[in-house]
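Trainee: I would like to understand how the labels people put on a structure follow from the numbers behind them. Could we go through one together?

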Amino acid sequence: MALPSISSIGATVSILIYFFSLPYSITAGENILHQSPAVRSRRPMVFPLFLSQPNSSSRSMSIPHRKLHKSDSKSLPHSRMRLYDDLLINGYYTTRLWIGTPPQMFALIVDSGSTVTYVPCSDCEQCGKHQDPKFQPELSSTYQPVKCNMDCNCDDDKEQCVYEREYAEHSSSKGVLGEDLISFGNESQLTPQRAVFGCETVETGDLYSQRADGIIGLGQGDLSLVDQLVDKGLISNSFGLCYGGMDVGGGSMILGGFDYPSDMIFTDSDPDRSPYYNIDLTGIRVAGKQLSLNSRVFDGEHGAVLDSGTTYAYLPDAAFAAFEEAVMREVSPLKQIDGPDPNFKDTCFLVAASNDVSELSKIFPAVEMIFKSGKSWLLSPENYMFRHSKVHGAYCLGVFPNGKDHTTLLGGIVVRNTLVVYDRENSKVGFWRTNCSELSDRLHIDGAPPPATLPPNGSNPSRNSSSDVQEEIQVGQIDLDLQLTVNSSYLKPRIEELSKLLSKELEVKSSQVSLSNLTSKGNESLIRMVVVPPEPSTWFSNGTATNIVSRFTNHQIKLPEIFGNYHLVNYKLEPSRKRTNKIIVAIAIGIIAVIIGLSAYGAWLIWKRKQTSIPYKPVDEAIVAEQELQPI
């Protein structure tokens, strides 16, 4: 992957949105560029945009601050959600949302720079092939279109509200607005809630070609999912993101407040400055030495912006030149090599034959972001370096010049293995270095209690699973498809170890657990786990089977860090009667075969007997008396 230099962008964002009984609306730039899986030569990144000029449907830049009483804020629930995919391989992280009744599952890109959540609609005439089936409003009993009114832009028939999003890299999304129940998964304390979202009818550019289904908008705007939940008093006005480290992927997202670590570093964020989440960055230190820069260099355009939809970091030209020079000075003994793409000039170094990430801090310097308050946020090499995709043991700078644009844009690489809290209620952003794969345990963040019944098996609501655990069945086999955030080549020699660990966690015999069908999915792995009863003639009770699957859906199975994070993709419960029927059929066939064989043999004996009992007259001999043919 490689980066083109960035010129000043005068793109405007056309936003046609529905607002909730407000006398004004907002026009806001949204900044995402998602890499197409088919185009690996392009480096996924985000271009900052200029705002459209105010018009009759826009309001001032000032965004009303939502405040809750602290007592109310403390008592509100939060939603803990897993993150999937990999920042550098996929260009984004996703989380899972379920929309409708029955719920339909979607993999949505986590983007703090977007203010609307959208998924492809079943009647979309120009939508790409994504990870999950399109949303089918007609199959949801709780779906309602947002009807045309004076506060929104309407379709041509003046029946339904519509939206449109246009991005700087020339991708776009447009469709209709709908309202339905949105569910946040089994780890959420938050029950399913009604929310407005976009149902896409047209996708273009990278939005069309990406594997993820759509976007979950966490930005500052009335259609933002965070704003909707806050406005209803369901969560406190904050959320947190924690991206996994190099070669690990995954992570966590928390909607709502929780008890922050006492040593978390906070800095001010001015919502009136821009519609993006900004921080008051004033300087950078490399190896303890502050770069010789005027602090105002980080205050251009939108200031220093954090955006979870951006992959790398982009500094104003002067800041980048100073940063690159300081890093190269500290690693001058290293051999400098070409980047992974010859079309772009990357700053890359050959470290050693070893590819151990833990050794990077001994080779590359520590970097600190300095805030106006005087506090600093320490970065490790994985927060500004990325692994060379073609040369083993080589690494490249993940920080680039931003061309004529004077915005400092800090993407996901900068916050790997860092919990970032967007405390919107107090206009602050906090940073805390941690292992994001163990965030829940380290902070003791409680999720929802294990569900009494399992979620639907599969994302297509029209498909009824025969393995519905609400049915009282005797389970003869449990099939679990697991996705792990480690690559398959790493996992393959450790299959036996993983199988034993899983059986130990489930408290079953190792012979009851088997792993198979290991396949690669980018930097992650898919594997089939089969759990059977201790004896062929026995079965799992309905409750036992439900408990086993729930332990995976609720991430109660603890694995060592070397296996990364896991996610239950699918499951199937095989009723024991299926196994029993097969045995009965086999036995029946065997019995029938024996009966047929015996019958045939008996018929042959009878025929033989008849042949030997026919009177025989020898030539020239007298007839032998009959009694002489009988036994004595």
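Mentor: Gladly. Let's begin with a cut-off: a residue is called buried when its relative accessible area is under 20%, exposed when it is over 50%, and partly exposed in between. By that rule, 54% of the 632 residues in this protein are buried. Keep in mind that this is a predicted model.

Trainee: What else describes the protein as a whole?

Mentor: Its secondary structure comes to 10 helices and 31 strands. The exposed area is about 28,500 Å², with carbon and sulfur atoms supplying 53% of it. As for contacts between residues at least 6 apart in sequence, 73% join residues at least 24 apart.

Trainee: Why is Cys148 called partly exposed?

Mentor: Its relative accessibility is 27%. Buried requires a value under 20% and exposed one over 50%, so Cys148 falls in the class between them. Cys154 has 21% and is therefore partly exposed as well.

Trainee: How do you know that Cys148 and Cys154 form a disulfide?

Mentor: The criterion is a pair of cysteine sulfur atoms within 2.5 Å. In this pair the sulfur atoms are 1.8 Å apart, and the criterion is met. The torsion about the S-S bond is about 85°, so the disulfide is right-handed.

Trainee: What makes the disulfide of Cys242 and Cys436 left-handed?

Mentor: The sign of the torsion: the value about the S-S bond is about -80°, so this link is left-handed. The distance from S to S is 2.0 Å, to be set against the limit of 2.5 Å. Cys242 belongs to strand 10, while Cys436 sits in the loop between strand 27 and helix 6, so the bond ties together parts that are 194 residues apart in sequence. Both Cys242 and Cys436 are buried.

Trainee: Why is strand 10 described as mostly covered?

Mentor: Six of its six residues, 238-243, are buried. In a regular strand the side chains alternate between the two faces of the sheet. Here Ser238, Gly240 and Cys242 are buried on one side, and Phe239, Leu241 and Tyr243 are buried on the other.

Trainee: What makes strand 26 and strand 11 partners of strand 10?

Mentor: Pairing takes at least two bridges between two strands. Strand 10 has five bridges to strand 26, running antiparallel, and Cys242 stands opposite Leu419 there. Five bridges also join strand 10 to strand 11, again antiparallel, with Ile254 as the bridge partner of Gly240.

Trainee: Why do strand 15 and strand 21 count as edges?

Mentor: They belong to an open antiparallel sheet of four strands in the order 15-14-20-21. Strand 15 and strand 21 each have a single partner strand, so one side of each is left without a neighbour in the sheet. Strand 14 and strand 15 share two bridges, which meets the minimum of two. Arg285 stands opposite Gln290 in strand 15. Helix 5 packs on this sheet, touching strand 14, strand 15 and strand 20, and its direction makes about 20° with that of strand 14.

Trainee: How many disulfides are there in the whole structure?

Mentor: A search finds six. One of them joins Cys348 to Cys396, S to S 2.1 Å, and is right-handed with 105° about the S-S bond. It links strand 19 with strand 23, the two cysteines being 48 residues apart.

Trainee: Why are Cys348 and Cys396 called buried?

Mentor: Cys348 has a relative accessible area of 0%, and Cys396 likewise has 0%. The limit is under 20%, so both qualify as buried.

Definitions and conventions
Residues numbered from 1 in each chain as written. Predicted model: local features only at pLDDT ≥ 70, side-chain atom pairs only at ≥ 80, totals over all residues. Heavy atoms only, no water. Buried < 20%, exposed > 50% of the residue type's maximum accessible area, 1.4 Å probe, protein only. Contact = heavy atoms within 4.5 Å. Areas by Shrake-Rupley, 256 points an atom, 1.4 Å probe, with all protein chains shown as cover. Axes fitted to C-alpha atoms, helices over the stretch in contact; angles between N-to-C directions.
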